[in-house]
Each structure stands twice: as C-alpha cells, then as structure tokens.
Amino acid sequence: MELHNNTGHPRRWAILGVLVISLLVVVLDNTILNVALRTLADPVHGLGASQGELEWSINSYTLVFAGLLFTFGVLGDRAGRKRFLMIGLVLFGLASLLSAYAQSPAQLIAARALMGVGGAAIMPVTLSIISNVFDPRERGRAIGVWAGAVGLAVAIGPILGGALLEHFWWGSVFLINVPVVVAGVVLVGLLVPESRDPRPGRIDVLGVLLSVVGLVALSYGIIDGGEHGFDRPMAWGSIVVGIAVLAWFVQHERRSDHPSLDVRLFRVPRFAAPVAIVGLVFFAAMGSMFFGSFYLQLVRDYSPLQTGLLFLPFAGAQLVFAPRSAAMVRRYGGKAVATVGLALTVVSLGAFVFIGASTPIWIVLLVFLIQGAGMANIMPPATESIMSALPREKAGVGSAVSNTIRQVAGALGVAVLGSVLSAVYRSDIGDALTGLPTQARDAANESISGAYAAAGQLGPAAPTLISAANDAFVTAMHWAAGLSAVIAALGIIVVLRWMPGREETSVVAPAAPVAEPELAGTA
C-alpha cells in the first residue's frame, strides 16, 4: 500500500526499468567479452590477437572505467544526470560499433577504451537517479532491483556471448549492444527527468584530476601485477604512485572549502562500513568467479555456453533475493541482513576448498546458488546505507564512491587471488614437467591453459600432463578459495563492529549535518 506524502516521481518504476536496461548493457559487456577471447586470438576467424593484446582488450576498458567513475559521478551531479546518462549511452553505442568492426587488435583496444568512457558516465548516474526519483521509504527496494540486475548481467553475459559466437562472427558480441543502446536513449529521453545539484558551488579541479590520476595508476599497477606477477617494478611502482596520489587527494579534500568528496564522511559508520563491505565482498567474489570459470571450462570440460548456463543459479538467486532485501532490512535491520548475507558468501567461497575434479556438478550449482543468495543480501543494504548517508542532490558522489570501490576491489581480487592461484599451480605441477620438451614445459608451467595447449602436441604423453595440470589447478583453487573466504569473513567483523543497527538506521544519519555544508560546495 502506498504511503502518504510519497516524494517519489510518479513514473519512478518505469524509470527504474529504463535504468536497469542502461545498466545491463554496461555490465553485460564486461562479462560477454571473456568467451570471445579464444576466437579473437584466431588469425582466420578473429584478429590474430596476441596474449598481451587480448589482455589489453579487457584492461583498456577497466582502466578507463575505474579511473573516471568518481569524476563522472561528481560531474553528473553538476551538469545533469539525464544528460550524462544519454551522453554515456551514445558513446557506449558508438564505441561498441567501432569494436565490432575493428580491423586490428590496436583498433579494438582503442574502441574498448572509449567504451570505458561511456560506461563510466552511465554507471554512477543510474544509482543517483534512483535516489532522486524514489522516496527514501522505497529506495531500498529499488536499489535491490538495481543490484539484482547487476547479478543477472554477470551471469547471462557468458551465455549470450557463447550463443552469439556459435551462430555469428566475433563482432556480434559488441554489435548486440547497439540496438539496446538505441532503445535506452529513446526511453531515457521520454521518461527520465533531469536532475542536478541545485547548489553545486565551484568545481574542485585539482581534486578531480588527483582522483583520475590516482585511480588510473592504482588500477594499472593491480592489472599489471595480476597479469605478469607482482615481482615487477612497474606493478609496484604504479601501485605506490596511485596510493600516494590518492593520499594527496584525501589531504586536499580535507582542506578544500569546495571538495568533490567530503572525506569526513568516512568517519560516519553508516557511510564507511558499507563502503568497506562492498570492497571486501567484490575482492573475494570476483576472484572466485575468475578461478570458477577456469575450473568449469578446463578441469570439467564445459563449453563457454555451458559454463555460462552453470552460473544461472547465481543469477537466479540475485533476481529472487535482491529485490526482497529491502523488506528484510525493514523487518530485521541492515546489520542483521548484511551479516547473514556475508555468512552465506563465506560458506559458498569456503565450499570451493572441498570441490575437486570429480565433485558432482549439482554441488557446484548449489554453491553458486548460496553465493548468489548471500551477495543479494549484502549489496542492497550496503548500497542503500551509502546513498542514504548523503542528501539527494549529492547522490552521484555516493554512487561514484560505491562503484569505484567495487571496480578497484574486483580488479584487485582477480589480481591477488589470480597470483595465488598461479604460484600454487606452478609449485605443484613442477615435478610432472620433468622430461618434457622445453617449449611444452614452459607453456604447462605458465598456466593450466598452457598445459592443455601443450598437451595437444605431446601425443601419448598428453593424458598424463592433463591429469597433473588438473590436480595442480584444483589444489591452487583450494588455496585461492580459502583466502577469498577469509577476506569475505573480514566483512562480518566490519558489519558487527561498525554497521549501524536497526535503531540507528531508523533515524536521520549523523552524516547529514556534518556533510551537507561542505558537500553543497559552500565555504
């Protein structure tokens, strides 16, 4: 039943549908490309891309996307969120078209970077528009739907990509974005109202520049370390520069009379605790999806399309539980709901420690289902807590912080857990490589993918190498899964220690009187 004095927009649920469409195309693209990498490497059916070029076709997007998220969230509040959303969609659609018809790996990498610009303009404003068109009493439910859409896109990306590649050429995984973007632009123009900060004040130019440089440097170091190992000076140098610049950013924001981000918000539990939870959960979850995909495709020999279908329980749980999390929060409180969600996530990640090469697949599906249910009850209350700590006119800042933490933590999770996976794998497979030709030994020692490629050239010795590679990978997966479970468990400590309880979240957060004067850009 509708509450009296509802301050939401009359078309708010239709607007939410449009925003979900806009969000789906961004998140889908991140996951859909993974299944096309093997085809892109083919010189006949693809672009003949090298391993390094394939890495950068993904990383160019991630680097630009992560670097600009915060800045575009701030600028969207100032210039108009509807305007930013439409510009982002047009850029994303144009870049998708360029990616689909790229004639070389270099062109694809450049087009993917442009897609990152469009994605960074779209992602934060979808959440800030939700905060502006929904009454605070309905906002939690709307954010639950938004979070469910993210989970759905993560899971259906590989399915859609696999299906397209079975029937069309590799460019179809990008071309599919174009009609969705066209529909999104039309619907945004018709339904979404314009909104912006009514008192933006002066723009914090130095703060904006520092945030971009710091996030790009940090993201580059994480990506480089994850791809090539953290023993390279380039990786650590970039990470140190990124952290130093971000520290300068924080110091500047503390002293500025017109900051992009009032860093005093991080002293407020309702803002700081969920930001930490988002970071820890995405660090653990994205790392687990990374090794889970290799486990299904190589150790269990499922095709990309079948692997995508096996992730459906994760998506289904997100769709079912995320929209209902707001009702759970109202009944039990955000702290209780987030604690249970984190506990389920820890259980699901820890379960991978006991999954082997011959574990019945229904057990793996059950683990994905539990993980989806857990994350569906973490992200909505955490995101709602972050957004409600800010006044509506500054929603873009909260959205940008949440999404930036999510992106950087996810990249860090893949890099760190991927490094653990590689180190344990190499240590475990060493003895099985004795006597192999040098080229085959080097390839098999690099990764399980290299071992499978090398096995194709070994004839009768191939089954022995594949068995050893599978055993080494499963052992490595157990170590990476154990670490990811520990990282997620730290989130439980954060929730229990700092997340406001039911009574505290039922009143206006103490952040508002602290944050609003500076956030409004006044002295």
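## A tour of a helical protein

Visitor: In which loop is the place of aspartate 301?
Guide: This is a predicted model, so positions here come from a prediction. Following the chain, you leave helix 11 and have not yet reached helix 12 (304-310) when you come to aspartate 301. Its place is therefore the loop between helix 11 and helix 12.

Visitor: Is aspartate 301 buried or exposed?
Guide: Its backbone has a point of interest too: phi is near 65 degrees, a positive value in a residue other than glycine. As for its surface, the relative accessible area is 63%. The cut-off for this class is over 50%, so aspartate 301 is exposed.

Visitor: How many helices does the protein have?
Guide: Let's start with the strands, since that count is quick: there are 0. The protein's helices number 23.

Visitor: What is the mean pLDDT of the protein?
Guide: A pLDDT of 70 or more is reached by 87% of the residues. One stretch to read with care is residues 505-523, where the pLDDT is below 50, although this stretch has 41 contacts in the model beyond near neighbours in sequence. For the protein, the mean pLDDT is 78.

Visitor: What share of the residues of the protein count as buried?
Guide: The protein has 523 residues. Among its contacts with a separation of 6 or more, 82% join residues 24 or more positions apart. The share of residues that count as buried is 56%.

Visitor: Which residues touch the most other members of the largest nonpolar core?
Guide: In soluble globular proteins, nonpolar side chains tend to be buried together. Here the largest nonpolar core has 142 residues, and helix 11 (residues 269-299) gives the most to this core, with 17 residues. The members that touch the most others are Ile130, Tyr425 and Phe473.

Visitor: Is serine 22 buried or exposed?
Guide: Serine 22 lies in helix 1 (residues 12-32). Leaving out residues up to four places away in sequence, serine 22 touches Leu85, Leu89, Ile122, Thr126 and Val188. Its relative accessibility is 1%, so serine 22 counts as buried.

Visitor: How far apart in space are glycine 76 and valine 125, C-alpha to C-alpha?
Guide: Glycine 76 lies in helix 3 (residues 51-79), and at 0% relative accessibility it counts as buried. Beyond its neighbours within four places in sequence, glycine 76 is in contact with Arg81, Phe84 and Val125. Along the sequence, glycine 76 and valine 125 are 49 residues apart, but in space their C-alpha atoms are separated by 6.6 Å.

Visitor: Which residues does isoleucine 429 touch, not counting residues up to four places away in sequence?
Guide: Look for isoleucine 429 in helix 18 (residues 395-429). At 1% relative accessibility, this residue counts as buried. Tyrosine 425 touches Ala444, Asn445, Ala469 and Ala472, among others. The partners of isoleucine 429 are Ala444, Asn445, Ala468, Ala469 and Ala472.

Visitor: How is helix 15 oriented to helix 21, roughly parallel or roughly antiparallel?
Guide: The axes of helix 15 (residues 334-351) and helix 21 (residues 462-498) come within 8 Å and cross at roughly 170 degrees. Residues of helix 15 that meet helix 21 include Ala338, Leu342, Val346 and Leu349. An angle over 145 degrees falls in the class we need, so the two helices are roughly antiparallel.

Visitor: Which helices do the buried residues of helix 15 pack against?
Guide: Helix 15 has 18 residues and reaches 26 Å from its first C-alpha to its last, close to the 26 Å expected. Its buried residues include Gly334, Val337, Thr345 and Ser348. They pack against helix 11, helix 14 (325-332), helix 16, helix 17 and helix 21.

Visitor: How far apart are the end C-alpha atoms of helix 16?
Guide: Helix 16 (residues 361-376) has buried residues that include Val364, Phe368 and Met375. At 1.5 Å a residue, its 16 residues should span 22 Å. The model agrees with that, because the end C-alpha atoms are separated by 23 Å.

Visitor: How many of the residues of helix 17 are buried?
Guide: Helix 17 (residues 379-388) is mostly covered. Its buried residues include Met379, Glu384 and Ser388. The count of buried residues is 10 of 10.

Notes: Residues are numbered from 1 along each chain as its sequence is written. This is a predicted model: local features need pLDDT of at least 70, side-chain atom pairs count only at pLDDT 80 or more; totals for chains, interfaces and linings use all residues. Side-chain values use heavy atoms; hydrogens and water are left out. pLDDT is the predictor's confidence in each residue, from 0 to 100. Contact means heavy atoms within 4.5 Å. Helices (H or I, at least four residues) and strands (E, at least two) are DSSP runs, numbered from the N terminus. The expected span of a helix is 1.5 Å times one less than its number of residues. Buried means under 20% relative accessible area, exposed over 50%, partly exposed in between (1.4 Å probe, protein chains only). A nonpolar core is a set of buried Ala, Val, Leu, Ile, Met, Phe, Trp, Tyr and Cys residues joined through side-chain atoms within 4.5 Å. Axes are lines fitted to C-alpha atoms, for helices over the stretch in contact, and angles run from 0 to 180 degrees between N-to-C directions. Angles under 35 degrees count as roughly parallel, over 145 as roughly antiparallel, 65 to 115 as roughly perpendicular and the rest as oblique.
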